[in-house]
Amino acid sequence: MKFNLRKADAVDASAIAKVQVDSWRTTYSGIIDEDYLENLSYGDREKIWTRAIEENPIFLLEDGGEVVGFAIGGPERSGEHVGYDGELYAIYLYESAQQNGGGRQLVAAVAGDLLDRGFEKMVIAVLEENPACGFYEKLGGHKIGKEETTIGSTVHAELVYGFDDLRKLM
């Protein structure tokens, strides 16, 4: 399946927020506290994504004109992963766009953007229970660390995957 890929602009923030909230609710059901998932707000997320669009390119995946996924990357934020200068901050897709090449398209778009901006390697932190861990491994990511993150009132383990050659993701 081939999706349309394009860069987001300010008017896309609400569609991005909807994809994030809805995909969190399906992907993390049974992993993250259900009350937390139910209280996610499209409006709150829209404000976050409106600001994020101004800071780093966000790539949108569309199917029939509808936004069905997105991804964003930029400089590695923690400073703890020596040798890794870039980071895939977020990638979210509706279930209908998963396992159809959409995730690969988004990762390739972010990798290409990072390369264009002078980055060479990237990381992504993924909840250990996230079924997408296998996706990152198939793309060539290897575990370089494990961290903890708090979501709501629960501490979760995150695996950090490193990608040593962004060109291989293109």
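A salt bridge is a side-chain nitrogen of Lys or Arg within 4 Å of a carboxyl oxygen of Asp or Glu. The structure is a predicted model, in which local features need pLDDT of at least 70 and side-chain atom pairs count only at pLDDT 80 or more, while totals for chains, interfaces and linings use all residues. Residues are numbered from 1 along each chain as its sequence is written, and side-chain values use heavy atoms, with hydrogens and water left out.

**Exercise 1. Salt bridges**

State how many salt bridges a search of the whole structure finds, then work out which residues are linked with R6 in a network.

Step 1. The search of the whole structure gives eight salt bridges. Side chains of opposite charge can pair when their charged atoms come close.

Step 2. One of these pairs joins R6 to D12, with an N to O distance of 2.8 Å. R6 also meets the side chain of E62, here at 2.9 Å, N to O. This second pair links distant parts of the chain: E62 belongs to strand β2 (residues 58–63) and R6 to strand β1 (residues 4–7), 56 residues apart. Helices (H or I, at least four residues) and strands (E, at least two) are DSSP runs, numbered from the N terminus.

Step 3. R6, D12 and E62 are therefore linked in a network of salt bridges, given the cut-off of 4 Å between nitrogen and carboxyl oxygen.

Step 4. Now assign the exposure classes: buried means under 20% relative accessible area, exposed over 50%, and partly exposed in between (1.4 Å probe, protein chains only). R6 has a relative accessible area of 27%, so it is partly exposed. D12 is buried at 7%, and E62 is buried at 10%.

Step 5. Elsewhere, K143 forms a salt bridge with E137, the closest N and O atoms being 3.7 Å apart. E137 is partly exposed, because its relative accessibility is 40%.

**Exercise 2. Two buried residues in contact**

Determine whether I16 and F70 are buried or exposed, and list what each touches.

Step 1. I16 is found in helix α1 (residues 13–27), and F70 in strand β3 (residues 66–75).

Step 2. I16 has 0% relative accessibility, so it counts as buried. F70 also has a relative accessible area of 0% and is buried.

Step 3. Contact means heavy atoms within 4.5 Å. Not counting residues up to four places away in sequence, I16 touches A8, W49, I53, I58, L60 and F70. With neighbours within four places left aside, F70 is in contact with I16, V19, Q20, W49, I58, F59, L60, A90, I91, Y92 and L106.

Step 4. Compare sequence and space, C-alpha to C-alpha. I16 and Y92 are 76 residues apart in sequence and 8.9 Å apart in space. For F70 and V110 the values are 40 residues and 9.9 Å.

**Exercise 3. A charged residue in a strand**

Find where E158 lies and what its surroundings are.

Step 1. E158 lies in strand β7 (residues 154–163). Its relative accessibility is 16%, so E158 counts as buried.

Step 2. Leaving aside neighbours within four places in sequence, its contacts are A125, V126, L127, E128, G145, K146, E147 and T149. The C-alpha atoms of E158 and E147 are 5.1 Å apart, with their positions 11 residues apart in sequence counted as the separation.

Step 3. D165 is in the segment after β7 and is partly exposed at 23%. Its C-alpha atom is separated by 9.7 Å from that of G141, 24 residues apart along the chain.

**Exercise 4. The exposed sites**

Identify which residues form the negative surface patch, then describe Q99.

Step 1. The patch is formed by D33, E34, D35 and E38. Patches are made of residues with over 30% relative accessible area and no salt bridge, like charges being joined within 9 Å and nonpolar side chains (Val, Leu, Ile, Met, Phe, Trp, Tyr) within 5 Å.

Step 2. D35 sits in helix α2 (residues 34–38). With a relative accessible area of 53%, D35 is exposed.

Step 3. Q99 lies in the loop between β4 (86–93) and α4 (102–116). Q99 is exposed, because its relative accessible area is 83%. Although Q99 is not a glycine, its phi is positive, at about 60 degrees.

Note on methods. Areas by Shrake-Rupley, 256 points an atom, 1.4 Å probe, with all protein chains shown as cover. Lys, Arg positive; Asp, Glu negative; His and termini not counted. Charge placed at Lys NZ, Arg CZ, Asp CG, Glu CD.
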